[in-house]
Amino acid sequence: MTERSADIGGSGYTLDELSDYLDRGMSPAIPAIDDNAECQAMLATLSRVAGLSRELVSRDAAENPTIDEGWLAGLLSAVGREVRAGRDIPFSSSDPTTRLTITEGAVRELVRAAGDSVDGVLVGTVAIDGDVTQPGAEVAVAVTISIVPRRSARELAEAVRERVRSELLKHTELAVGAIDVTVADVHLLPSDEPAPGAVTGDGTTTGPAPRDEEEQR
Amino acid sequence: MTTLGTASDELLAGRAADGDTAAFAVLARRHGPYLRAFAIRLTGSSADADDAVQEALISAWRALPGLADRSKVRSWLLSIVSRKATDRIRARRPSDELDEELPDSDDSNSPEERAVAQSRLDALARVLASLPEGQRQCWLLKEVGGYSYEEIAEELGLTVAVVRGRLARARVTVIREMEEWR
Amino acid sequence: MSADHDELALRLDEVVGEVEGVEAVFSADPTIVRSVRSLASGPERIALVRVVEDSEGLRILASVGVSDDRQAPLTARRVSDAIRAAVGGHPIAEVHVRVGRVAH
């Protein structure tokens, strides 16, 4: 069985070799292919059917945009059982047989909630650096945030810093040193236009479509 | 809709890596339909697809803290779904019947009734559905999943030569059948 | 864990749950340990608080979610006091109260 096609347009390259060339990003350039009209047409076809394949899956998804709630609930309950507790962070105790701790996961959640409570801020990641298991050791907190546009990044970051510090003071005995807040992202309020690449309630993607999204024609 | 719904994939993945299940739920809702559509095309069964996507997302939750580039969370999720879906395909006995639930076009409509773009996708859907299962899987893993020949071979437990052969045959068929849909 | 300790642990679940500022009592054992234990002990209710005993006495671990309204360290201390009061005269090697969540 010889389904391997003969060379295309007298270029000396087969269909499969053209496909490999396309996969390599057509680099390094092969003049025998680049200068051959039939090869160019075939490359265009190959890249078109590849794009259509991705479009097909995007269209399937757009036609069935709803998530089965029972399925999702099952997933989230499985995920919820796998808590990321992290390290045990001690509270002081005068009695040597009493050990009081808060988990690193709980502290992260605390920091996240404190930052989210600032209007126009969503917290991304929270890192607690330092030997938190050692009472009194100074720790640094690093938070990345996303903010809504048209608000002062400096003011929002400062507000986050204050709330995080006061929550940590209230619920932990950590010696909190620097609280480093980095604005890493921008998001819109739900009432605003959806952010580029964000997804609306019906699951369709809005804004400039990524390369592999369905093209509107 | 909470504000989290407008957050970027990268932010949500970071929160989920830190243990925020609400952020993970937003990611699952956002990308679930695409992952499921891919898995249905790959396995030919919506039941297998649902299971594969759920397993994939549970694995993803565990692996998220180690994910290096969080902005690429969707293609990362797609690769895990590919793996779980191909696990299911490999576990099937040859005698297992497929549901053949591949979403197909409605042939009763004449081409004139449809937008050209729709027809073109329908034509591709028909061609892919007509391919032998092994060829279709290789094609989808490569063109939609973005996998290399070596990765597909590993996923499906085949040699690279077999994958290359299947893709060569699939390519000839797809190009021939799609000729009129330029 | 002996039957005695099971009973004590179940009682501590209630005691801990009633402490002011406690919003939830979580399983002290990881999910997998818990499911093995539930297989071993059948349909009986499995306690959330862990109670074991060694030569030095009882070792008790309670994992809780606490309210944001009160300071977490104070709530944790109240939980450990409540556990000690409930155990009575039995020697205690360690009471560990772990705050796994601050509700907001």
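**Group meeting: a walk through the three-chain model**

Okay, let's start with the sheet in chain A: three strands, open, in the order E3-E4-E5, with mixed pairing. Its edge strands are E3, residues 121-129, and E5, residues 175-186, and each of those pairs on one side only. Going from one strand to the next, the twist averages 20°. Before I go on, please remember that this is a predicted model.

How do E3(A) and E4(A) pair? They go antiparallel, over seven bridges, with E4 covering residues 138-147 of chain A. If you want a spot to find on screen, take Ala127(A), whose bridge partner in E4(A) is Ala142(A).

Now the helices that go with this sheet. Helix H5 of chain A, residues 104-116, lies across E3 and E4 of chain A and runs at about 145° to E3(A). Helix H6 of chain A, residues 153-171, also packs on the sheet, and H6 touches E3, E4 and E5 of chain A. The direction of H6 makes about 140° with that of E5(A).

Let me zoom in on one residue in H5 of chain A, Val111(A). Is Val111(A) buried or exposed? It counts as buried, because there are 27 C-beta neighbours inside 10 Å. Leaving out residues up to four places away in sequence, Val111(A) touches four valines: Val126(A), Val141(A), Val143(A) and Val164(A). Looking back at the elements, Val126(A) falls within the 121-129 range of E3, Val141(A) and Val143(A) within 138-147 of E4, and Val164(A) within 153-171 of H6. For a sense of distance, Pro31(A) is 80 residues from Val111(A) in sequence and 58 Å from it in space, C-alpha to C-alpha.

Next, an edge-strand residue: Asp185(A), in strand E5 of chain A. This one counts as partly exposed, because it has 18 C-beta neighbours inside 10 Å. Ile145(A) is 40 residues from Asp185(A) in sequence, yet the two are 6.6 Å apart in space, C-alpha to C-alpha. And which residues does Asp185(A) contact, leaving aside its neighbours within four places in sequence? From chain A there are Gly124(A) and Ser146(A), and from chain B there are Ser8(B), Glu10(B) and Leu11(B).

That takes us to the A-B contact. Chain A puts in 56 residues and chain B puts in 49. On chain A's side, the elements giving two or more residues are H1 (15-23), H3 (37-63), H4 (69-80), H5, E3 and E4. H3(A) gives the most, with 13 residues. By class, that side of chain A has 25 nonpolar, 17 polar and 14 charged residues.

Staying with chain B for a second, have a look at helix H3, residues 46-63. It has 18 residues and reaches 25 Å from its first C-alpha to its last, close to the 26 Å expected. The buried residues in H3(B) include Ala52(B), Val53(B), Leu57(B) and Trp61(B). What covers the buried residues of H3(B) includes H4 of chain A, along with H2 (21-43) and H4 (73-91) of chain B.

On to chain C. Here 19 residues of chain C are in contact with 18 residues of chain A. On the chain C side, H3 (72-87) and E4 (92-103) are the elements that give two or more residues, and E4(C) supplies the largest share, 11 residues. The classes on that side come out as nine nonpolar, six polar and four charged. There's strand pairing between the chains too: strand E2 of chain A, residues 98-103, runs parallel to E4(C), joined by five bridges. Leu100(A), for instance, has Val97(C) as its bridge partner in E4(C).

A few backbone oddities before I sit down. Ser27(A) and Pro28(A) are joined by a cis peptide bond, with omega about -5°. Pro28(A) is in the loop between H1 and H2 of chain A, and so is Met26(A), whose phi is positive, near 55°. Arg150(A), in the loop between E4 and H6 of chain A, also has a positive phi, near 65°. Arg150(A) counts as exposed, because it has 7 C-beta neighbours inside 10 Å.

Last, the confidence scores. The model gets ipTM 0.90 and pTM 0.81. Chain C has a mean pLDDT of 88, with 84% of its residues at 70 or more. Where pLDDT is low, the predicted coordinates shouldn't be read in detail.

Terms used. Residues are numbered from 1 along each chain as its sequence is written. Chains are lettered from A and ligands numbered from 1 in the order in which they are written. This is a predicted model: local features need pLDDT of at least 70, side-chain atom pairs count only at pLDDT 80 or more; totals for chains, interfaces and linings use all residues. Two strands pair if DSSP finds at least two bridges between them. Helices (H or I, at least four residues) and strands (E, at least two) are DSSP runs, numbered from the N terminus. Axes are lines fitted to C-alpha atoms, for helices over the stretch in contact, and angles run from 0 to 180 degrees between N-to-C directions. Two residues are in contact if their C-beta atoms, placed from the backbone, lie within 7 Å. Ala, Val, Leu, Ile, Met, Phe, Trp, Tyr, Cys and Pro count as nonpolar, Asp, Glu, Lys and Arg as charged, and the others, Gly among them, as polar. A residue is buried if 20 or more other C-beta atoms lie within 10 Å of its own, exposed if 12 or fewer, and partly exposed in between; C-beta atoms are placed from the backbone. pLDDT is the predictor's confidence in each residue, from 0 to 100. The expected span of a helix is 1.5 Å times one less than its number of residues.
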